[in-house]
Amino acid sequence: MSNIEWTEQTWNPTTGCDKISPGCDNCYALTMAKRLKAMGQAKYQTDGNPVTSGPGFGIATHDDVLTEPLRWKKPRKVFVNSMSDLFHARVPREFLARVFAVMAATPQHTYQILTKRPERAARILTDLCTCGTGHPPGEHLRSQMEWAATSHSPTYVPGLEHGIYHRSGWPLPNVWIGTSIESNDYARRADALRQTPAAVRFISAEPLLGPLPSLDVTGIDWVIYGGESGPGARPLELDWIRDGIAICRAAGAAPFVKQLGSVWASTNGASDRKGGTPGDWPADLRVREYPAAATAGQR
C-alpha cells in the first residue's frame, strides 16, 4: 500500500531516473534508492550517472514485477513508478508496451502515471497503428501491446489475453497521465500533456517552488498542489496555492492540496513534519477533490 494521499498502491515495473529540473533537486526516490542498494535490494543495483542520478538509481526494468497487478483482486488506485519515470528515454518502447498491456488486462484498477517527460508520452501514445493495416509487431505501441499478450512473443507476459487492448479502447479508460510542474519555467509541460491521449490528465505541482501565472489548465482534469518536505526543503507561499485553486475553478479542473511542506510545518507548529494535516491549514486551503473520472470519457 502507499502513504501518498492521492493514491492507494505503488507499482514499480521500472526503477531509476535522472534529474532534469529544479523539482528533482531533493528527490526522495534517489535517496531511497541509495539506501536500498546498500541493503542489497536486487532492484536497486544499477547505478546511474553520478551527476544526474546516483547509486542504485540507474534505469532498470523488472520483468518479475510486471504481473503484480494481475494478482490484485480488489480494485485500487495505483501510482505507476513512484521510484522512476515510465517515459524516461532509456525505458524501451517494448517494455512500455508490456506495462500498458498489463494495465489493459486489469481494468478494475485505476493507474496514475506521473512524468516529467510528457513530450515522450505524447509522442509514443499518439503513434498508433490502425487495426488491419498489417503493421508488424514492434512498429507501434498498440501493435506491441498485442504482441506482448501472445505466447509467441519473446516478451510474453503470462495472464494477458491476445488483443485485449482492442476491447479496452484507446486511450485506456483506466489510465491517468500526469506531468510534474514545479515552477512557471516548466508550465510548458502542460502543453505536451494536452497532446497526450488519456482518460484523465493531471498535473502535480509538487514541490511547488514558485507561482504559476502562465499555467494553462484547459483540458486538464486534476491539479495536485504540495510544498516540499524532507532535508533541504524550500519554502512555499500559501498564495501560490490559493492562486492555483482559483485557476482550477475557472477552468473546471479539480484541485487537490496534498501538503504545505516542511518549512511551513516547522514555522506554524503543524502536527506533522510535512504539513500534511488539513486541520492545521487555513480553511480555504482544505481542498482535496478528485477528477470526475467516471464521466471523463475517452479523449
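A cavity is a set of points, on a 1 Å grid over the protein atoms alone, where a 1.4 Å probe fits but cannot get out, and its lining residues have an atom within 4 Å of a point. This is a predicted model, in which local features need pLDDT of at least 70 and side-chain atom pairs count only at pLDDT 80 or more, while totals for chains, interfaces and linings use all residues. Residues are numbered from 1 along each chain as its sequence is written, and side-chain values use heavy atoms, with hydrogens and water left out.

**Confidence**
- The protein averages a pLDDT (the predictor's confidence in each residue, from 0 to 100) of 89, and 84% of the residues score at least 70.
- Residues 129-139 have a pLDDT below 50, and this stretch makes 16 contacts (heavy atoms within 4.5 Å) beyond near neighbours in sequence.

**Cavity**
- One cavity of 30 Å³ or more is present, and the largest cavity holds about 40 Å³, as the space filled by probe spheres set on the points, which are joined across faces, edges and corners.
- Its lining consists of Phe100, Leu125, Trp170, Pro171, Leu172, Val175, Ile177, Pro197 and Ala198.

**Nonpolar cores**
- The largest nonpolar core (buried Ala, Val, Leu, Ile, Met, Phe, Trp, Tyr and Cys residues joined through side-chain atoms within 4.5 Å; buried means under 20% relative accessible area with a 1.4 Å probe, protein chains only) has 58 residues, and Phe100 and Ile241 are among those touching the most other members.
- Ile241 contacts Leu208, Tyr225, Leu236, Val257, Leu260 and Leu285, leaving aside neighbours within four places in sequence.
- A second, separate core of ten residues includes Trp6, Trp176, Ile224 and Ala254.

Notes:
On a 1 Å grid over the protein atoms alone, a cavity is a set of points where a 1.4 Å probe fits but cannot get out, and a pocket is an open set with protein on both sides within 12 Å along at least five of seven lines; lining residues have an atom within 4 Å of a point. Buried means under 20% relative accessible area, exposed over 50%, partly exposed in between (1.4 Å probe, protein chains only).
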